[in-house]
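Biologist: Please take a close look at one helix of this model and at its surroundings. I would welcome a connected account rather than a list.

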Amino acid sequence: MPRTRPRDAHGRARVTERMFSIIWPRPMPPALSNISLIRATDDDISFLSALADHPEVEPFLAVGSGDEDVLRGLVSDGGTDRGPRGLFVIRSPEGELVGGLALSVVNHRSRICELSRLMIRPEKRRTGIASAAARLACRTVLVDHSFHRIQLEVYGDNLGAQALFAHVGFVREGTRRRAYWRRERWLDGVQFGMLAEEFVLNPR
Ligand SMILES: CC(C)(COP(=O)(O)OP(=O)(O)OC[C@H]1O[C@@H](n2cnc3c(N)ncnc32)[C@H](O)[C@@H]1OP(=O)(O)O)[C@@H](O)C(=O)NCCC(=O)NCCS
């Protein structure tokens with residue numbers, strides 16, 4: 001008898017918790033269990049806006065990422081739909097706000113989600129927080145919501161973020177040449193993606 005892959009209610013192949021736990025037995029690795037990714041509320045808007053406008057963050061995000069009205073829209077959008085979308089805060093094990101990120105569904109039919117606005121407070125960097133948060137986002141999207149793919153785009157001169165996403169296991173998929181007018185020059189957009197099976201096989 002050929003083994004069939006489990007399907008969800010819509011007949012789509014699922015990455016099940018069981019498949020996941022065979023490769024990644026619980027408890028989760030310390031890097032993941034130490035950091036929380038929590039849906040943002042209106043109370044988090046001022047923190048996220050201030051961080052997005054910080055001089056060590058603002059140049060690396062899309063223009064206007066700190067706009068409070070836009071952030072409020074992301075909060076209310078995520079609030080009505082528990083799908084992999086909306087605005088999230090990243091909390092340290094002590095419960096301190098240390099960063100944020102956003103998820104959006106870019107293609108329902110093909111189950112593609114986009115990660116954006118990943119940002120960590122400058123004084124908290126290089127301790128693995130962004131890696132842990134990105135992995136939690138991948139898990140939410142690819143395992144909990146059975147999405148097929150998570151993708152993102154980084155400015156061509158943001159070598160730190162490119163190193164981070166490669167470190168987490170994203171595959172560099174291409175370059176949109178001189179796509180964005182930013183900081184008084186044209187910047188490439190470097191595209192990264194991860195498929196569900198890549199995350200399950202290698203939850204780094
Ligand atoms: C990019 C950013 C999110 C990284 O956050 P972080 O918490 O410091 O990242 P991590 O500690 O998880 O880094 C994990 C690995 O990624 C790579 N990395 C992260 N930041 C790097 C940097 N500035 N330069 C080179 N490599 C970097 C390293 O390999 C690092 O491992 P190491 O510290 O053991 O060498 C953070 O610097 C930031 O908020 N930058 C401004 C906003 C931004 O660029 N966001 C991305 C938009 S797409």
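Modeller: A residue is called buried if 20 or more other C-beta atoms lie within 10 Å of its own, exposed if 12 or fewer do, and partly exposed in between. The model is a predicted one, and the account below centres on helix α5, residues 129-144.

The setting comes first. The protein chain has seven helices and seven strands, which run from the N terminus in the order α-α-β-α-α-β-β-β-α-β-α-β-β-α. Of its 204 residues, 31% count as buried. Among contacts between residues at least 6 apart in sequence, 57% join residues at least 24 apart.

Helix α5 itself has 16 residues, which at 1.5 Å a residue should span 22 Å; the C-alpha atoms at its ends lie 21 Å apart, in agreement with that expectation. The helix is mostly covered, since 13 of the 16 residues are buried.

The covering can be followed into the nonpolar interior. The largest nonpolar core comprises 49 residues, and Ala-133 and Ala-137 have the most contacts inside it. Helix α5 is the element that gives the most to this core, contributing eleven residues. Residues three or four places apart in an α-helix point the same way, because there are 3.6 residues a turn.

The partners of these two alanines show what the helix packs against. With residues up to four places away in sequence left out, Ala-133 touches Ile-35, Leu-37, Ile-90, Gly-99, Leu-101 and Leu-118. On the same basis, Ala-137 touches Leu-37, Leu-101, Leu-103 and Leu-115. Leu-37 and Leu-101 thus appear among the contacts of both Ala-133 and Ala-137. Ala-137 lies in α5 and is buried because 23 other C-beta atoms fall within 10 Å. Its C-alpha atom is 9.0 Å from that of Ile-150, a residue 13 places away in sequence.

Beyond the helix, the chain enters the loop between α5 and β5 (149-155), where Ser-146 is found. Although Ser-146 is not a glycine, its phi is positive, at about 55°. This residue has 19 C-beta neighbours inside 10 Å, and therefore counts as partly exposed. A second residue offers a comparison: Arg-111, in the loop between β3 (97-107) and β4, also has a positive phi, near 55°, without being a glycine. Arg-111 has 20 C-beta neighbours inside 10 Å, so that residue counts as buried. The two residues fall in separate classes because the threshold for burial is 20.

Finally, helix α5 also takes part in the surroundings of the ligand. The ligand is surrounded by 20 residues, of which Phe-60, Arg-125, Ala-130, Ser-131 and Gly-160 are the closest. The elements giving two or more residues to this shell are β4 (112-120), α5 and α6 (159-168). The largest share, five residues, is that of α6. By class, the shell consists of twelve nonpolar, six polar and two charged residues. Helix α5 is thus both the main contributor to the largest nonpolar core and one of the elements that give two or more residues to the shell around the ligand.

Key: Residues numbered from 1 in each chain as written. Predicted model: local features only at pLDDT ≥ 70, side-chain atom pairs only at ≥ 80, totals over all residues. Near = placed C-beta within 6 Å. Helix = DSSP H or I, 4+ residues; strand = E, 2+ residues; numbered from the N terminus. Nonpolar A, V, L, I, M, F, W, Y, C, P; charged D, E, K, R; others polar. Expected span 1.5 Å × (residues − 1). Contact = placed C-beta atoms within 7 Å. Core = buried A, V, L, I, M, F, W, Y, C linked by C-beta atoms within 7 Å.
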